Amino acid sequence: MSGSVLPEDVLRDAPSYTPHAHELADLELLLSGAYAPLTGFLGRADLNSLRRRGRLADGTQWPVPVTLEVPAELASDLVLEDPLHRTIILTDPEGAPVAALEVTDAWSTGERTYGVGGTVRRMGDGGHGPFQRLRRTPAEVRALLPPGRVLGVIADRPLHRPQLAQIAHAARTLAAHLLILIPVTGPGPDGLPPEALVRAIFSARDRMPPATIVAVPLLNRGDEMRDALLRARVAGAYGVTHVLSTGEMLSGGGLRVLVPRELAYDNRDGQWRWRDDIPPRNRRLAMTAAEINDVLDRGFPLPEWHTPPAVAKELTRARPPRRHRGLVVFFTGFSGSGKSTIARGLADSLRESGERTITLLDGDVVRRELSAGLGFSKADRDRNVRRIGWVAAEVGRHRGMAVACPIAPYESARAAVRGMAQDAGAGFVLVHVNTPLEVCEQRDRKGLYARARAGQLRGMTGIDDPYEEPANAELTIDTTTITVPEAIELVLAYLVENGWVEPKLT
């Protein structure tokens, strides 16, 4: 971090910016010292050197770019040659200051964005949120560790009996202290919220060797090798000497890596042993993540031979059966396609059964109540759909069902809504009402198509603004070949078949 102290008036007058979630995660690791020797976001010299030879400009090995992008208008107001006019206050999503970034390099990365590099220093009290007591700095953790070897486990999934057996064997073999690093930036590979993951890890603590547990804002960047190298680098900063590779997560980058042999359950005495040491007739393989999720989705208990009861209890709380879990049913299609009529009919039918709390987010109503003032430009349409998505995700977070039916013509906005729902722990079902444009024009109940064809209305989807057909819809319906009641029954049948709704008794 920068050793300079900026005057209070500089900090008071400096512009502020809230980075994206992955940038905030990097910022926390920079401020904590977990990214040492980095002291801030990388500039062009380091990025170019990293791209060419895998090292920073000064020759230091480093695995991944650590970058920050800001709006072009914010970057244009900076004066890089003047230390008093080149500071940006980085804030959390609630607007609370987290750090001061003293920008020493800025460059265009897109039409409206700039990359900025420079040193950061902490502001404020270090953040808020669940399990803050576990978000210790590397220096704090190293001071707690006993001398000798430290076995690191990056637990991005719950620990079931096979993983616990592997950890116990590795710690015993090395005579090492155990350090569990839990990534808490967002949902894990199996969609478990970070708070639930922490609870699940703690629920298995009585089945581990003595351990230190730390929450770390690590995230996946989509590059398995670079992710592994960065995780190893962070683990090393916390004092780890050996890393246990668990599941599909590889580790490396200078630390000793232990790759455990595959274990299986021996039904002769209820122990987990090396797979090849157990006769096939007595061997039971560990459940896959997909199998575990399927059991939870259907509301069945996880078997005790595979999962400790305390862990199973936490997973059941975090991932209840689909019929009790939040859900977003998101209809998309042209104006006049029938999506609003089907959505209203679906909501009415579900309300009749009384088994779900239903929130209907109709496009026209949302435009009046939630998105008043927005126009029909691409940016405003995206903003409208994302607002609907945020509300729907919050409904899902609290175990309700949201039924939304905007036109939602752009794939990027639909993907963002799906991500919001999944991040909230809810399910997401995209229903594409694929009624042809010519049929929608013939219906034209609101007269919008006629006005658009006459040049009186701009930005009409299908006329002078594109509709990007979804390639990943869970269900596709064409109302030219079926009636509205039949369409509603199709959606209900899908929800019943996939466990989201209880079947009706006849």
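A cavity is a set of grid points where a 1.4 Å probe fits but cannot get out, and the residues that line a cavity have an atom within 4 Å of one of these points. The legends below describe close-up views of a predicted model.

**Figure 1. The second largest cavity and helix α14.**
The structure holds two cavities of 30 Å³ or more. The second largest cavity contains about 30 Å³ of space. Its lining is made up of E411, R414, A415, R418, F428, L430 and N472. Helix α14 (411-423) gives the most to this lining, with four residues. Both α14 and strand β18 supply at least two residues each. By type, the lining residues of this cavity divide into three nonpolar, one polar and three charged.

**Figure 2. Strand β18 and its two covered faces.**
Strand β18 spans residues 427-433, and seven of its seven residues are buried. In a regular strand, side chains alternate between the two faces of the sheet. One side of β18 holds G427, V429, V431 and V433, while the other holds F428, L430 and H432. Both faces are covered, since the residues on either side are all buried. Two residues of the second group, F428 and L430, also appear in the lining of the second largest cavity.

**Figure 3. The strands that pair with β18.**
Which strands does β18 pair with? One is strand β15 (residues 327-332), which pairs with β18 in the parallel sense over six bridges. Within this pairing, F428 in β18 stands opposite V328. Another is strand β19 (residues 475-477), which runs parallel to β18 and is joined to it by three bridges. Here H432 has T476 of β19 as its bridge partner.

**Figure 4. Helix α17 and its buried face.**
Helix α17 covers residues 484-497, which makes 14 residues. From its first C-alpha to its last, α17 reaches 20 Å, close to the 20 Å expected at 1.5 Å a residue. Which residues of α17 are buried? They are A487, I488, V491, L492, Y494 and L495. Seen down the axis of α17, these buried residues fall within an arc of 155°, so they line one face of the helix. The face turned away from the buried side carries the exposed residues P485 and E497.

**Figure 5. The second largest pocket.**
The volume of the second largest pocket is about 770 Å³. A total of 33 residues line this pocket, and the closest to its centre are S335, D364, I407, K446 and L448. Four elements give two or more residues to the lining: α11 (339-353), α12 (363-369), α13 (378-397) and α16 (448-453). Which element gives the most to the lining of this pocket? Helix α11 does, with four residues. The lining residues of the pocket divide into 11 nonpolar, 10 polar and 12 charged.

**Figure 6. R275 in the loop between β13 and β14.**
R275 lies in the loop between strand β13 (271-274) and strand β14 (283-285). Is R275 buried, exposed or partly exposed? Its relative accessible area is 29%. Buried means under 20% and exposed means over 50%, so R275 counts as partly exposed. R275 and H169 are 106 residues apart along the chain, and their C-alpha atoms are separated by 15 Å.

Note on methods: Residues are numbered from 1 along each chain as its sequence is written. This is a predicted model: local features need pLDDT of at least 70, side-chain atom pairs count only at pLDDT 80 or more; totals for chains, interfaces and linings use all residues. Side-chain values use heavy atoms; hydrogens and water are left out. Buried means under 20% relative accessible area, exposed over 50%, partly exposed in between (1.4 Å probe, protein chains only). Two strands pair if DSSP finds at least two bridges between them. On a 1 Å grid over the protein atoms alone, a cavity is a set of points where a 1.4 Å probe fits but cannot get out, and a pocket is an open set with protein on both sides within 12 Å along at least five of seven lines; lining residues have an atom within 4 Å of a point. Grid points are joined across faces, edges and corners, and a volume is the space filled by probe spheres set on the points. Ala, Val, Leu, Ile, Met, Phe, Trp, Tyr, Cys and Pro count as nonpolar, Asp, Glu, Lys and Arg as charged, and the others, Gly among them, as polar. The expected span of a helix is 1.5 Å times one less than its number of residues. The arc is that of the directions from the helix axis to the C-beta atoms.
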